[in-house]
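Here is a friendly briefing to read with the model open beside you. Take it one topic at a time and look up each residue as you go.

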Amino acid sequence: MNTIQELREQLAKTIGDLHGRRWCEGTGGNFSVVVQDDPIHLLMAPSGVNKGRLEPAELVVVDEQNNVIEGRGRASAETTLHLEIIRQLKSGAVLHTHSIEATVLSDHYARIGKIQLEGWEMLKGLKGITSHETSIDIPIVSNNQNIEELSQTVRPYLSKTIPGILVAGHGLYAWGDSLAEAQRHVEILEFLFSVLLQKKLLQFSQ
């Protein structure tokens, strides 16, 4: 089992990697990894910090009441949604990104309420998928600045058969049993969103 210091280093590296991909620029995005199951304690990036310059020591530990119990700074406003996902799915980590592709596509497909991904080889990077000859729907929910209400909206869509959910015009929440799995799911989904957007642009230009 990883020590808290090891988790700090791993989460800081993950955030830096995602920032380098332009998926959480500036203060955008929020990220958590479970350090204790009962009661739940999360290691998180504090609110309002630049994700490109985050050091392991700057991460904070947050309890189930959104209180910072270790470290300095405020808990992310979206901690409640992280906790909802973790409670429902027993996830080990939740990563929320703000890529251009996820933002544009989630807004474009908001009326439909989902993005269907099918036929792509990279689908096999998602947990439980073993063939490109498959299809997966990533739900899209409306954005809401009231995080309690947003968490209630998201709840019916949470399932172990999907690795993430989109908030319209906002971005992606992805999860996994571990931080490594959650990061893999972010990378696969963001790749597939980019492919889908490029395909739509090619169709439009023809």
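**Briefing on the predicted model**

Lys-90 counts as exposed, at 65% relative accessibility; here exposed means over 50% relative accessible area, buried under 20%, and partly exposed in between, with a 1.4 Å probe and protein chains only. This is a predicted model, in which local features need pLDDT of at least 70 and side-chain atom pairs count only at pLDDT 80 or more, while totals for chains, interfaces and linings use all residues. Residues are numbered from 1 along each chain as its sequence is written, and side-chain values use heavy atoms, with hydrogens and water left out. Helices (H or I, at least four residues) and strands (E, at least two) are DSSP runs, numbered from the N terminus.

**Unusual backbone spots**

- Most residues other than glycine have a negative phi, and most peptide bonds are trans.
- Lys-90 has a positive phi of about 60 degrees although it is not a glycine, and this residue lies in the loop between α2 and β5.
- Asn-66, also not a glycine, has a positive phi of about 70 degrees. You will find Asn-66 in the loop between β3 and β4, where it counts as partly exposed at 27% relative accessibility.
- From Asp-38 to Pro-39 the peptide bond is cis, with omega near -5 degrees. Pro-39 has its place in the loop between β1 and β2.

**The sheet**

- Nine strands form an open sheet with mixed pairing, in the order β4-β3-β2-β1-β5-β9-β8-β7-β6; two strands pair if DSSP finds at least two bridges between them.
- The edges are held by β4 (68-70) and β6 (114-118), each with a single partner strand, so one side of each has no neighbour in the sheet.
- From one strand to the next, the twist averages 30 degrees. For this and the other angles below, axes are lines fitted to C-alpha atoms, for helices over the stretch in contact, and angles run from 0 to 180 degrees between N-to-C directions.
- Strands of a sheet pair through backbone hydrogen bonds, either parallel or antiparallel.
- At one edge, β3 (residues 60-62) and β4 run antiparallel and are joined by two bridges. Val-61 stands opposite Glu-70 in β4.
- At the other edge, β6 pairs with β7 (residues 135-141) in the antiparallel sense over five bridges. Ile-115 stands opposite Ile-138 in β7.
- Side chains alternate along β6: Ile-115 and Leu-117 point to one face and are buried, while Lys-114, Gln-116 and Glu-118 point to the other and are not.

**Helix α1 and Arg-8**

- Helix α1 (residues 4-20) packs on the sheet, touching β1 (30-36), β2 (41-44), β3, β4 and β5 (93-97); contact means heavy atoms within 4.5 Å. The direction of α1 makes about 165 degrees with that of β1.
- Arg-8 is found in α1. Is Arg-8 buried or exposed? Arg-8 is buried, with a relative accessible area of 8%.
- Neighbours within four places in sequence aside, Arg-8 is in contact with Leu-43, Pro-56, Ala-57, Leu-59, Val-61 and Glu-70.

**Helix pairs**

- The axes of α2 (residues 79-89) and α4 (residues 147-154) come within 8 Å and cross at roughly 25 degrees. That makes α2 roughly parallel to α4; angles under 35 degrees count as roughly parallel, over 145 as roughly antiparallel, 65 to 115 as roughly perpendicular and the rest as oblique.
- α2 passes α4 in a right-handed crossing. A crossing is left-handed if the near helix is turned anticlockwise from the far one by less than a right angle, and right-handed if clockwise.
- Thr-80, Leu-81 and Glu-84 of α2 meet Ile-147, Glu-148, Leu-150, Ser-151 and Val-154 of α4.
- Helix α3 (residues 100-108) packs against α5 (residues 179-205) at an angle of about 60 degrees, with axes 9 Å apart; the two are therefore oblique to each other. Their crossing is left-handed.

**A buried loop residue**

- Ile-162 has its place in the loop between α4 and β8 (164-167), and is buried, with a relative accessible area of 11%.
- Not counting residues up to four places away in sequence, Ile-162 touches Ile-136, Asp-137, Pro-139, Tyr-157 and Trp-175.
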